[in-house]
Amino acid sequence: MKTNLDLIAETDKFPYEDDQTAEANSLRNRLFTLLWEDDEGQYAIGYVPDWVIDELSKTPEDIRGDMQLNVSDRTVMLFRVPQTEEERTSAVARLTSYWRENGTFKTLKGWRNELWPVYDRKGGLLFSVERAAMGLFGTTRYGVHMVAYVEHPTAPYGIKAWVPKRASDKSTFPGMLDNTVAGGLMTGEDPFECIIREADEEASLPDPLVRSTAKWVGNATYTYITEAKHVGEDGYIYPECQWVYDLKLPADVVPRPKDGEVEEFRLCDVDQIKRDLGDGKFKPNCALVMIDFFIRHGILTEENEPDLATIKAKMRRELPFPGPHQHNWPGSITEHSVKAT
């Protein structure tokens with residue numbers, strides 16, 4: 001039986017600075033830091049695994065573009081020559097498409113034709129990357145998660161939550177339990193509009209209901225490391241930020257599968273969800289969001305969860321790269337999203 005802290009650790013897996021174990025240092029030594037440079041100097045925007053560096057070195061320069069590789073410092077700079085965001089995005093696409101066509105990385109078999117953003121530290125968009133290729137560069141990934149629940153006076157804690165089972169043919173985490181609605185945030189997409197879109201596509205929940213009822217309750221941040229059993233390949237670094245929403249539904253509104261992403265929805269009480277969490281049935285970051293839901297609703301407290309402070313800290317981890325997950329980020333996405341909700 002997994003503890004809540006175990007579940008959080010399965011999502012927030014990247015070692016912290018004070019972790020100097022052999023295992024942690026071995027992981028760090030397999031990574032190169034992807035750098036960017038502006039008029040104030042260089043800064044990090046991603047973690048590139050060494051096997052990706054090996055393939056970059058083999059890729060023709062007319063495909064790869066200029067690469068500044070510093071092996072001693074374990075840093076790399078890419079996509080610097082194009083001057084505009086559109087040109088840089090095209091340069092990324094040229095490289096990743098070449099790798100896809102040549103079968104270089106298994107992860108690119110999951111190509112989705114969805115562009116995800118990579119931001120600079122001044123609030124701008126540097127370039128966009130095909131969703132399936134994000135792990136190759138270790139840049140920050142953004143998404144939305146929502147737990148839909150109903151008030152149920154006779155249930156434990158007075159509520160039940162709608163829990164979907166992922167389709168068994170999904171390329172990632174097949175058959176695992178999920179949050180009611182979740183999805184990735186594409187370039188230029190507002191988080192609130194994204195959750196409305198996903199609610200319709202995944203759960204057949206109508207736009208007016210979600211738009212008027214969904215409540216933004218904060219962001220979750222963590223750094224995941226991929227596992228082959230779940231996503232097909234080990235060792236990609238996923239710094240992630242999720243915009244988290246609660247949706248209190250009327251008792252007569254029932255989520256229904258629509259786009260094939262979900263096999264079924266079940267209305268579960270807290271005790272059932274706790275059992276499923278302990279049995280490891282939830283997708284890791286969905287377990288984190290569900291635990292966050294339990295904390296907000298007074299189900300997990302200092303009295304019944306001795307690791308509560310550590311859990312809270314790990315689900316709001318400070319990410320090392322710039323973007324709208326940062327409180328002082330000068331862009332507009334966070335500000336706009338709060339207004340929208």
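# Briefing: salt bridges, domains and two polar residues

Arginine 316 is partly exposed, at 37% relative accessibility; here buried means under 20% relative accessible area, exposed means over 50%, and partly exposed is in between (1.4 Å probe, protein chains only). This is a predicted model, in which local features need pLDDT of at least 70 and side-chain atom pairs count only at pLDDT 80 or more, while totals for chains, interfaces and linings use all residues. Residues are numbered from 1 along each chain as its sequence is written, and side-chain values use heavy atoms, with hydrogens and water left out.

**Salt bridges**

- Arginine 316 and aspartate 292 meet through their side chains in a salt bridge, at 3.1 Å from N to O. Arginine 316 sits in the loop between helix H12 (308-314) and helix H13 (333-340), and aspartate 292 in helix H11 (residues 284-296), so this pair ties together parts that are 24 residues apart in sequence.
- The term salt bridge stands for a side-chain nitrogen of Lys or Arg within 4 Å of a carboxyl oxygen of Asp or Glu. Helices (H or I, at least four residues) and strands (E, at least two) are DSSP runs, numbered from the N terminus.
- In contrast to its partly exposed partner arginine 316, aspartate 292 is buried, at 5% relative accessibility.
- In total, the structure holds 26 salt bridges.
- Another of these pairs is lysine 248 with glutamate 151, whose closest N and O atoms are 3.3 Å apart. Lysine 248 belongs to strand S11 (residues 237-248) and glutamate 151 to strand S7 (residues 141-151), so the salt bridge ties together parts that are 97 residues apart in sequence.
- Glutamate 151 is exposed, at 54% relative accessibility, whereas lysine 248 is partly exposed, with a relative accessible area of 39%.
- Within helix H7 (residues 191-203) you will find arginine 197 and glutamate 201, four residues apart, or about one turn of the helix. Their side chains form a salt bridge, at 3.3 Å from N to O.
- Arginine 197 is partly exposed, with a relative accessible area of 23%, and glutamate 201 is partly exposed too, at 29%.
- Arg197 and Glu201 also belong to a network of salt bridges that links them with Glu189 and Glu198.

**Two domains and their interface**

- The domain assignment gives domain 1 (4-12 + 142-315) and domain 2 (22-136); such bounds come from an automatic or database domain assignment.
- The C-alpha centres of domain 1 and domain 2 are 29 Å apart.
- Across the interface, 13 residues of domain 1 are in contact with 18 residues of domain 2, where contact means heavy atoms within 4.5 Å.
- The size of an interface is often given as the accessible area lost when the parts come together. Buried area is the accessible area (1.4 Å probe) that two parts lose on being put together, summed over both.
- Between them, domain 1 and domain 2 bury about 1,400 Å², with 62% of this on carbon and sulfur atoms. Thr187, Tyr236 and Ile237 supply 40% of the area that domain 1 buries against domain 2, more than any other three residues.
- Zero salt bridges are counted between domain 1 and domain 2.
- Five residue pairs, both residues at pLDDT 80 or more, are in polar contact across the interface of domain 1 and domain 2. On the domain 1 side that touches domain 2, there are seven nonpolar, four polar and two charged residues.
- A polar contact is a pair of N or O atoms within 3.5 Å; within protein, one must be able to donate a hydrogen and the other to accept it, and residues adjacent in sequence count only if both atoms are side-chain atoms.
- For the classes, Ala, Val, Leu, Ile, Met, Phe, Trp, Tyr, Cys and Pro count as nonpolar, Asp, Glu, Lys and Arg as charged, and the others, Gly among them, as polar.

**Asparagine 219**

- Asparagine 219 is found in strand S10 (residues 215-225) and is buried, with a relative accessible area of 16%.
- Its side chain makes a polar contact of 3.0 Å with the side chain of tryptophan 216.
- Neighbours within four places in sequence aside, asparagine 219 is in contact with Cys241, Gln242, Trp243, Met315 and Arg316.
- The C-alpha atoms of asparagine 219 and aspartate 66 are 36 Å apart, with these positions 153 residues apart along the chain counted as their separation.

**Threonine 59**

- Threonine 59 occupies the loop between helix H3 (50-58) and helix H4 (61-64) and is buried, at 4% relative accessibility.
- A polar atom of its side chain lies 2.7 Å from the backbone oxygen of glutamate 55.
- The side chains of threonine 59 and tryptophan 99 make a polar contact of 3.0 Å.
- Leaving aside neighbours within four places in sequence, threonine 59 is in contact with Arg64, Leu95, Tyr98 and Trp99.
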